[in-house]
Number of protein chains: 2
Amino acid sequence: MRGFVAGVDLGGTKIYTALADQNGRLLAEVKVPTRAREGLQSVIGRIVETVHHVKKQAGVEGPLLALGIGAPGPLNAATGVVYQAPNLGWDNVPLKQKLEELLGVPVAVDNDANLAALGEHVYGAGRGESEMVYVTVSTGIGGGLILHGRIYHGTGYGAGEIGHMTIDPAGPRCNCGNYGCLEAMASGTAMARAARRLVESGGGRAILEAAGGDADGITALAVARAAAAGDGEARQIIINAGRALGIGVANIINLLNPALVVLGGGAMQVGPLLWEAMEGEVARRALAASRKQVRLVPAELGGQSGLLGAVALALQGVEAGVPPATMV
Amino acid sequence: MRGFVAGVDLGGTKIYTALADQNGRLLAEVKVPTRAREGLQSVIGRIVETVHHVKKQAGVEGPLLALGIGAPGPLNAATGVVYQAPNLGWDNVPLKQKLEELLGVPVAVDNDANLAALGEHVYGAGRGESEMVYVTVSTGIGGGLILHGRIYHGTGYGAGEIGHMTIDPAGPRCNCGNYGCLEAMASGTAMARAARRLVESGGGRAILEAAGGDADGITALAVARAAAAGDGEARQIIINAGRALGIGVANIINLLNPALVVLGGGAMQVGPLLWEAMEGEVARRALAASRKQVRLVPAELGGQSGLLGAVALALQGVEAGVPPATMV
């Protein structure tokens, strides 16, 4: 292969684009606001601009061979149609087709969690492991599965909804309408909500203080700060979230017997308490044989896991000789 | 291919063996007691005898090309070593090697639940579906995963332990030592235990009657009989089990987005109440997109799913041209 690929991590707030060589080495990168409100054509145009920008910025000779892009929301990775992306205001957008028309190279699309999993699999914590589960804990909880050495999509590209496993039938209501989902019990949003309820019921002083006295402004970060300062209530909120996370991870281990569970996402930063509580629950609930075979590790690529996954996806297409669908 | 394959479903109580042609059509079958107490060599000898028996019984010309065998307990499907099979009294038994030495043909080993899944995938309810989950509800709850069109083993052949997903952290204790496992809440054993507790606390008259007045002899079948006769307590036990099963199945659907969940095993026969309660919970807890894409269906092959899976495994080896490991 002579030439380069681009990877794009498309989010509700930013477009993160990089140019890479055939080894996945990033040669240039750029981050611009998505400005989803300006409409679909504008967002597509901005994606294309960032690609031209990184190509120019890298100052390399040779053609752009392919583009990989991770998008939020349910989508069809074969057709490259994004079914729904509420934070982009998208509804059945033929992302692959539009970008191929404008760029003239094959474009491969997958969802952001799957590409974060692929990024960690190819370049990060999951190198060399063919059975790997990626879990991202942030405002929500998502995931991507690498099974038999490649992304597992399920029958309709819906696999990996780790956040919507029921962890406790008597648990709190989730955004999905169900009760006791992992996401409703262990996400950053869930920790913040638990803290706000505590404050509403007259407790949580240290947390409120860490949030600058604004109860509505309580975030997982405020809980983390109060816990770091030794506050017992904040610590308990994090421990509860960690235990729920541990039940979810143990369920995954018992069902999938992975070699690796990689945990990423902003809410994993609330401190070691979360990790310890998770590990304790996994030790309790995962079957002995599978528990001995699995490593629980933090994501290595930080904010670049999705971007590098997009690069890996583009490179896989180049290696397989995939032509642009619009040119077939 | 000219010749035949044999499939063996090896259980704690019986050895079930069949001869099949290249289309998986069974030409002869035999079932003999395992007699595990007579020792390993005796069991191996009896397996070999059944293979010779069905070959003779079928009265066909042409060589035996391969054998597939499903064994209970954790094992290594690559080496064919059964790590542990408590109901056979086995500990690190090189089943593949022993049978290859005695039969002189390639032997492929996998665990019984995986082969039941494969049987349903190739010959039963799962024909044509590349993403399929098989769940067996009997004295325990087990399962096998067909992902990307083939058996998914996990990193150490431990995948598919559906029965040990935590369904309710506050649930009853499981044989594995954990609390609230699916198996502890929805297996035949769990239903019988719930009924015995009811009787111990002074209730469950109709169930006790269905069990012939012997509280210790209460089984899921007695619960099923009482429920069929309209007993409210028995019905509730089955509904509770069905709901737990539904949570487990919904978790699988959200995680794996399968096209099909196939449910088999003796305890699925307790009546339509179990199925209805399961479906209700799945409707509540599975994400809309994945729920629309999945079919929940009963196993089609009944007591032959494992046997036919063993036949399918043998045929896969023949098609792939796998030589016996001991001859390599």
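Here are a few friendly notes on the predicted two-chain model above, from domains to strands to the chain contact.

1. Ground rules. In this predicted model, local features need pLDDT of at least 70 and side-chain atom pairs count only at pLDDT 80 or more, while totals for chains, interfaces and linings use all residues. Residues are numbered from 1 along each chain as its sequence is written, and chains are lettered from A and ligands numbered from 1 in the order in which they are written.

2. Domains of chain A. An automatic or database domain assignment provides the bounds: domain 1 covers 4-111 + 304-327, and domain 2 covers 125-299. Their C-alpha centres lie 29 Å apart. Six residues from each domain enter the contact, where contact means C-beta atoms, placed from the backbone, within 7 Å. The domain 1 side has three nonpolar, two polar and one charged residues. Here Ala, Val, Leu, Ile, Met, Phe, Trp, Tyr, Cys and Pro count as nonpolar, Asp, Glu, Lys and Arg as charged, and the others, Gly among them, as polar.

3. A helix pair in chain A. H8(A), residues 232-256, packs on H9(A), residues 272-285, at about 40 degrees, with axes 7 Å apart. Helices are DSSP runs of H or I, at least four residues, and strands are runs of E, at least two, numbered from the N terminus. Axes are lines fitted to C-alpha atoms, for helices over the stretch in contact, and angles run from 0 to 180 degrees between N-to-C directions. The angle therefore makes H8(A) oblique to H9(A) (under 35 degrees is roughly parallel, over 145 roughly antiparallel, 65 to 115 roughly perpendicular, the rest oblique). Among the contact residues are A:Ile238 and A:Leu245 of H8(A) and A:Leu274 and A:Trp275 of H9(A). By class, this contact has 14 nonpolar, three polar and six charged residues.

4. Hairpins in chain B. S5(B), residues 75-76, and S6(B), residues 81-85, pair antiparallel over two bridges (pairing needs at least two DSSP bridges). B:Leu75 stands opposite B:Val82. Four residues lie between these strands, and B:Gly80 takes a positive phi near 75 degrees. S6(B) is also joined by four bridges to antiparallel S7(B), residues 90-94, with B:Val81 partnered by B:Pro94. That hairpin has four residues between its strands, and B:Gly89 in the turn has a positive phi of about 70 degrees.

5. Where the chains meet. The contact takes 35 residues from chain B and 34 from chain A. On the chain B side, H8, H9 and H10 each supply at least two residues, and H8(B) gives the most, with six. That side divides into 16 nonpolar, 14 polar and five charged residues.
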